[in-house]
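Reader: I've got this model open at the bench and I'd like a close look at one part of it. Could you walk me through a helix pair and the spaces around it?

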Amino acid sequence: MRPSPISATVDFEADGVQHGFLKLPVSHDESAWGAVMIPVTVVKNGEGPTALLTGGNHGDEYEGITALLKLARRLKAEEVQGRVIIVPMMNQPAAQAGRRTSPMDRGNLNRSFPGDPDGGPTKQIADYFTRYLVPMCDYALDLHSGGRTLDILPFAAAHRLEDLDLERKSLEGAMAFGAGTAIMMYELDAAALYDTVVEQQGKVLVTTELGGGGTSTPASIEISERGVHNFLVFTGIVAGDLQRPARQQYVEMPDASCYVQSEHTGLLEMTCALGGLVRQGEVVARIWDITRTGAEPVEYRAGRDGLVLARRFPARVEMGDTLIVIGEVVETLER
Ligand SMILES: [Zn+2]
């Protein structure tokens, strides 16, 4: 495989704070010898582990982007033992456009791994992470949220792994993040995720969902910033104490029955609240036909008992949209 076309303007081995770019050459009508400029910050001080902190894997997920822009501006080299690499807008063209996917090639970065140096811009970005940045790190934190189409109860998550030691460390990291909810997450399709590439390289991966709706709130930013701080304390790179939430619940998603997906098109009426508890068989949503009056709505019922972890955000729904995600509360820890 040929080397990545991406080059970094920062020196990953140099001590101190550097703000620069990952430059991806793109030749187009407005700039014959142009480049996509992906901002990167490196904060390094002596020997120690490396944490790779990423946001904007999807361009409309602003909680992580905002928290990492704030961290990149304030983190000082003397606060660090080891190295912190911060990429707040992984899929920079998507973030610039305020969209989940890239306007350059319609690429969904988190469905493009391990990537391809000869692919479009999105696959080239994925390849650079797979072959250059992930191998540099010991710990990776990828900050997601619901974006424009979902609202998600803030949580940090790990995945079931064949390497049980790595699974345990990842879950410890998710608990340390302290979002209030930590999850052993079931992914609908894990094959081309960033997470899978990181885990296959034996690195500790914590992923998160920190709100949604294509915006942020004071509460979601507070959780995001606290979580990033806690993650760096967990890695040992930053000294200090974990800032624990008053209450933290551990939730499992055993299988695909956690996802309630629409088989109709129409207007969504939610009958359960995000963060609320539902019982199996309970009506959790109705879909109304808005082409006529007098029609019965279609009822959607919970496939299992549990906690409402996520909901569709826009009221207009199409067939196949995820309406609700339900997780099973295993344990609640009070501080
Ligand atoms: Zn995302």
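**A helix pair and its surroundings**

Author: Let's start with helix 4 (residues 164–177) and helix 6 (residues 218–235), which in this predicted model pack at an angle of about 135°, their axes 8 Å apart. Angles over 145 degrees would count as roughly antiparallel and 65 to 115 as roughly perpendicular, so helix 4 ends up oblique to helix 6. As for handedness, the two helices make a right-handed crossing.

Now zoom in on who touches whom. On the helix 4 side you'll find Lys-169, Glu-172, Gly-173, Ala-176 and Phe-177. Across from them, helix 6 brings Ile-223, Ser-224, Arg-226, Gly-227, Val-228, Asn-230 and Phe-234. Sort the residues of this contact by class and you get five nonpolar, four polar and three charged.

Keep your eye on Val-228, one of the helix 6 residues in that contact, since Val-228 also turns up in the lining of the largest cavity. Searching the whole structure for cavities of 30 Å³ or more turns up one, and the volume of the largest cavity is about 30 Å³. Its lining is made by Ala-67, Leu-71, Arg-74, Glu-225 and Val-228. Two elements, helix 1 (62–74) and helix 6, each give two or more residues to that lining. Helix 1 has the largest share, with three residues. Class by class, the cavity lining holds three nonpolar and two charged residues, with no polar ones.

So much for the enclosed space; here is the open one. The largest pocket has a volume of about 670 Å³. If you want landmarks to click on, Arg-100, Arg-111, Leu-150, Glu-209 and Tyr-259 are the ones nearest the pocket's centre, out of 30 lining residues. The elements giving two or more residues to this lining are strands: strand 7 (150–152), strand 10 (204–209), strand 12 (259–261), strand 17 (306–312) and strand 19 (322–334). Strand 17 gives the most, with three residues. As for the chemistry of the pocket lining, the split is eleven nonpolar, ten polar and nine charged.

To put it together on your screen, follow helix 6: this helix packs against helix 4 and shares in lining the largest cavity along with helix 1. Then move over to the largest pocket, where strand 17 is the element to pick out for its three lining residues.

How values were computed:
Residues are numbered from 1 along each chain as its sequence is written. This is a predicted model: local features need pLDDT of at least 70, side-chain atom pairs count only at pLDDT 80 or more; totals for chains, interfaces and linings use all residues. Side-chain values use heavy atoms; hydrogens and water are left out. Axes are lines fitted to C-alpha atoms, for helices over the stretch in contact, and angles run from 0 to 180 degrees between N-to-C directions. Helices (H or I, at least four residues) and strands (E, at least two) are DSSP runs, numbered from the N terminus. Angles under 35 degrees count as roughly parallel, over 145 as roughly antiparallel, 65 to 115 as roughly perpendicular and the rest as oblique. A crossing is left-handed if the near helix is turned anticlockwise from the far one by less than a right angle, and right-handed if clockwise. Contact means heavy atoms within 4.5 Å. Ala, Val, Leu, Ile, Met, Phe, Trp, Tyr, Cys and Pro count as nonpolar, Asp, Glu, Lys and Arg as charged, and the others, Gly among them, as polar. On a 1 Å grid over the protein atoms alone, a cavity is a set of points where a 1.4 Å probe fits but cannot get out, and a pocket is an open set with protein on both sides within 12 Å along at least five of seven lines; lining residues have an atom within 4 Å of a point. Grid points are joined across faces, edges and corners, and a volume is the space filled by probe spheres set on the points.
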